[in-house]
Amino acid sequence: MTKPIVATAALAATVFAGSGGIATAQVRAAAAKSAPAHATSTGPLDRALLDKYCVTCHNDRLKTAGFTIEKLDVNAVEVNAETLEKIARKIRTNQMPPAGRPQPDKAVADAFVAAVETRLDQVALKHPNPGRVASRRLNRAEYVNVIQDLLALEVDGTQLLPSDMAGYGFDNNADVLAITPGLMARYMSAATKISRLVLSSPENRAMTQVYKTDVGVKQDQRVSEDAPFGTHGGLTARHAFPLDGEYVFKIRMVRNGTVSTIEGIEEDEHQIELRIDHALIKRFKVGGKYKGPDPGVLIAVPEDDKDGQIVHDYRLNADNDLEIRIPVKAGTRLVSATFTDALPSPLESAGARGRRDGGAAGIDMLYVSGPFNGKTGETPSRQKIFTCRPTAAAQEDACARRLMTTLARRAYRRPVTEAEIKPLLSIYAEGRAERDFDAGIERAIEAMLSSPKFLIRIEREPNGVQPGAQYKLSDIELASRLSFFLWRSIPDDELLSLAEQNRLSQPAVMAAQVKRMITDKRSSRFISDFSGQWLQVRNISAQAPDQALYPDFEDTLRQAMATETQLFFESQVREDRPLTELMTADYTFLNERLARHYGINDIYGSRFRRVTLTDERRKGLLGQASVLTVSSYAHRTSVVLRGKWVLENLLGAPPPAPPPNVPPLKENDGKSKSTALRERMEAHRANPVCSACHARMDPLGFALEHYDAIGKWRENDMGAEINSTIDWDGLKVDSPKVLREAIINKGVDYRANVVEKLMTYALGRGVDFADAPTVRMIVKDLETKQNKWSALILSVINTPQFQMRRATGSTPVTLASK
């Protein structure tokens, strides 16, 4: 067994100083150059500032917020590191002393914070504390990605597994990824379904899958990048066809909610194309057969009105003919059912397409049923799995061993032993005895996917390591940390092979692998997942703006908002832009729908393209409708939500939870004279219980008040003039441009927050006081590397937190843990 490598200051320095990482000597030199003269001294810290401005509230008698520093020994840094980090952060971010209380001179406060943080950093270098990440299961997104990479099979995770809880803002947090008996049953059920799909097993029975368009989607343009060109409306879906066989496709159209007649087929004939992998299967025609009165009046048709009965029956059942049964090869394929732009004219508006007084024609559902008369097909999954194909019974056992050894090595993310392969081969033998070779492999894969070795990410402690000691991860464990960070999936063969050779931890090799992995298309998973959760943009799927107030908001616009931010963030990372450009970039990605929402002309079609912005109001993240919508209520904007969003997601200074029984804000009722939100919030903030936190949050929200609840620019709020000018820490902020500049000029706070968010995501645990010195080192190091994304990612990977681990034990968690 490998001898444990226990952490020392020298080891920590070695980990930090990897190629492209953080050279501790360089950090100390930078800190000495930028900090006040006394900040880098080893002399005693002076608690005069605390006694004058803080102890008044945080003393042994009052214990405001459950916190006292009356007897705190500020020079016992090793023992009181957590408290000192909290104090430094509160003062640095202007959270303390609270507004309305006496404030220290800024230079004095800055000097005190610099001195405290310098001492904390010095102790952290001597006594590294990388923390400990618990064993955790694969979350749903990771599971889907692993199945794709391991077995070349696309699966819909929402159909197989429940959603995951989030911890510290991310759903890959180890502390919330426990596994219960009920959840284990879901994983085992998923393993059965997946193994049958992968092998194109005859055990797959005929079933019906229903794909439905989202409620409220306007079907007046191309619905997605997957939809055929020259079409509008309808839907697309990636459907797994388990066998070569016959499948039935049924299209059902949108119906009137009152009388259940099909919408929009009175005046015009519509053409609907059914395609598989873009190949035309059939072009259906519907509508325009019986022109007549508005279907809304046909609630009842007299029995003796034969012609009326025929027309009414057609309007109820015209889509019964939109059905076809055809042979399809096994595999995951793109299925689309969309309207052609040929009829009616694509120049007509959605309101004119097939409408009299009812709704527009639309596709509601697509049913895919089958397989019928099915047989095993040659799929990408089978091609990936079967690296050998026995032609005689005598060859089968050796081939099965080869297949399962190869698969288990990737699935378990490490070399496998004979003791681990033997049970899989026993299960293979049972399946082989029941049917054939394929059945045996199917059973073995099902067992492998149900194994804790596959489902649980475990980092084992070396033999002989002392409780609470720090040790370096093995290269094999490091490979998994790296791949689940940058790919949200298992290591590929190249990464795993380097780890098996103990070469991955070499600085030059690590730097090269990180560069390769970021360049790989699989890194889009990390970029999208990280940005969607950090910026809370993926919450837009749950937003439901009031349709009476915001009739233009529908699912097509919702999807466009999310796509803009995803493409923008990905471009920032892939082009290796500075972190500050998230706030200031003069470009974005738009399609016609979103461009119209922003009042930008000459953008046509559903395709997103890069657009240079001349309007200052739309530059950077704070000009994007996704961010502005998720930080609003359904019926109005919220300066509290928006201010909290900025503090929490951009500056790393979230406000505390609100006290209980907070009275609701008085709303405009439409009867009395409307008042601007600012006036109502000022009255609300007059409550002393609310004022301390709202004094920090509300101004930032007011600065964004010209954007309505779905991110549209406005000059007034229901007729009341908007005043978005604020005073923020002595700076007059009177435009989005000034606000962006003010945020990035809080350079340390902004950059430190980005570092903390990325570390939280990369490690799968919350960042705590023991990690603060590392965060500061990364921030200082980034200053020498133009604050580029590549430098940030590699710096996080080169930290002791990423490459080391603390053993279990009762040792207190302090910077002085040994």
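1. A good place to start is alanine 65, which counts as exposed at 75% relative accessibility. Alanine 65 sits in the loop between helix 3 (48-53) and helix 4. Its phi is near 60 degrees, a positive value in a residue other than glycine. That is worth a look because most residues other than glycine have a negative phi. Please keep in mind as you read that this is a predicted model.

2. Now for the overall picture. The protein chain has 818 residues, and 53% of them count as buried. Its secondary structure comes to 30 helices and 18 strands. Among contacts between residues at least 6 apart in sequence, 73% join residues at least 24 apart.

3. Strand 9 deserves a stop of its own. Asparagine 373 is found in this strand, and its phi is near 55 degrees, again positive in a residue other than glycine. With 65% relative accessibility, asparagine 373 counts as exposed, because the cut-off for exposed is over 50%. Proline 371 also lies in strand 9, which covers residues 363-375. The peptide bond that joins glycine 370 and proline 371 is cis, with omega about 5 degrees.

4. A second cis bond runs from methionine 96 to proline 97, where omega is near -10 degrees. Proline 97 belongs to the loop between helix 4 and helix 5. For context, most peptide bonds are trans.

5. Which loop holds glutamine 95? Glutamine 95 lies between helix 4 (81-92) and helix 5 (106-126). Glutamine 95 has 7% relative accessibility and therefore counts as buried, the cut-off being under 20%. The side chain of glutamine 95 makes a polar contact with the side chain of threonine 93, at 2.8 Å. Leaving aside neighbours within four places in sequence, glutamine 95 is in contact with Arg89, Lys90, Ala653, Pro654 and Arg696. Arginine 696 is 601 residues away from glutamine 95 in sequence, yet the two are 7.9 Å apart in space, C-alpha to C-alpha.

6. Cavities come next. The structure holds five of 30 Å³ or more, and the second largest has a volume of about 50 Å³. Its lining is made of Arg89, Arg92, Thr93, Leu651, Gly652, Val748, Asp749, Ala752, Asn753 and Glu756. Helix 4 and helix 27 (747-763) are the elements that give two or more residues to this lining. Helix 27 gives the most, with five residues. By type, the lining residues of the second largest cavity divide into three nonpolar, three polar and four charged.

7. What does the largest nonpolar core look like, and which residues touch the most other members? The core has 96 residues, and those touching the most other members are Leu482, Phe485, Leu486, Ile743, Trp789, Leu792 and Ile793. Helix 27 gives the most to this core, with nine residues. Apart from it lies another core, of 45 residues, among them Leu199, Cys399, Val416 and Met448. As background, nonpolar side chains in soluble globular proteins tend to be buried together.

8. Isoleucine 743 gives a view of the surroundings of one core member. Not counting neighbours within four places in sequence, isoleucine 743 is in contact with Met583, Leu622, Val646, Leu650, Leu651, Trp728 and Tyr750. One of these, Leu651, also lines the second largest cavity.

9. Helix 27 also contains threonine 760. This residue counts as buried, at 8% relative accessibility. Beyond neighbours within four places in sequence, threonine 760 is in contact with Tyr168, Phe170, Arg765, Gly766 and Val767.

10. Is serine 626 buried or exposed? Serine 626 is buried, with a relative accessible area of 0%. Serine 626 has its place in helix 22 (residues 625-630). The side chain of serine 626 makes a polar contact with the side chain of threonine 565, at 2.4 Å. Leaving aside neighbours within four places in sequence, the contacts of serine 626 are Val537, Ile540, Met561, Ala562 and Thr565.

11. Last comes glycine 288, in the loop between strand 6 (279-286) and helix 9 (306-317). Glycine 288 counts as partly exposed, at 25% relative accessibility. Not counting residues up to four places away in sequence, glycine 288 touches Ile265, Glu266, Glu267, Asp268 and Glu269. The C-alpha atoms of glycine 288 and histidine 270 are separated by 7.8 Å, with the two residues 18 apart along the chain.

How values were computed:
Residues are numbered from 1 along each chain as its sequence is written. This is a predicted model: local features need pLDDT of at least 70, side-chain atom pairs count only at pLDDT 80 or more; totals for chains, interfaces and linings use all residues. Side-chain values use heavy atoms; hydrogens and water are left out. Helices (H or I, at least four residues) and strands (E, at least two) are DSSP runs, numbered from the N terminus. Buried means under 20% relative accessible area, exposed over 50%, partly exposed in between (1.4 Å probe, protein chains only). Contact means heavy atoms within 4.5 Å. A polar contact is a pair of N or O atoms within 3.5 Å; within protein, one must be able to donate a hydrogen and the other to accept it, and residues adjacent in sequence count only if both atoms are side-chain atoms. On a 1 Å grid over the protein atoms alone, a cavity is a set of points where a 1.4 Å probe fits but cannot get out, and a pocket is an open set with protein on both sides within 12 Å along at least five of seven lines; lining residues have an atom within 4 Å of a point. Grid points are joined across faces, edges and corners, and a volume is the space filled by probe spheres set on the points. Ala, Val, Leu, Ile, Met, Phe, Trp, Tyr, Cys and Pro count as nonpolar, Asp, Glu, Lys and Arg as charged, and the others, Gly among them, as polar. A nonpolar core is a set of buried Ala, Val, Leu, Ile, Met, Phe, Trp, Tyr and Cys residues joined through side-chain atoms within 4.5 Å.
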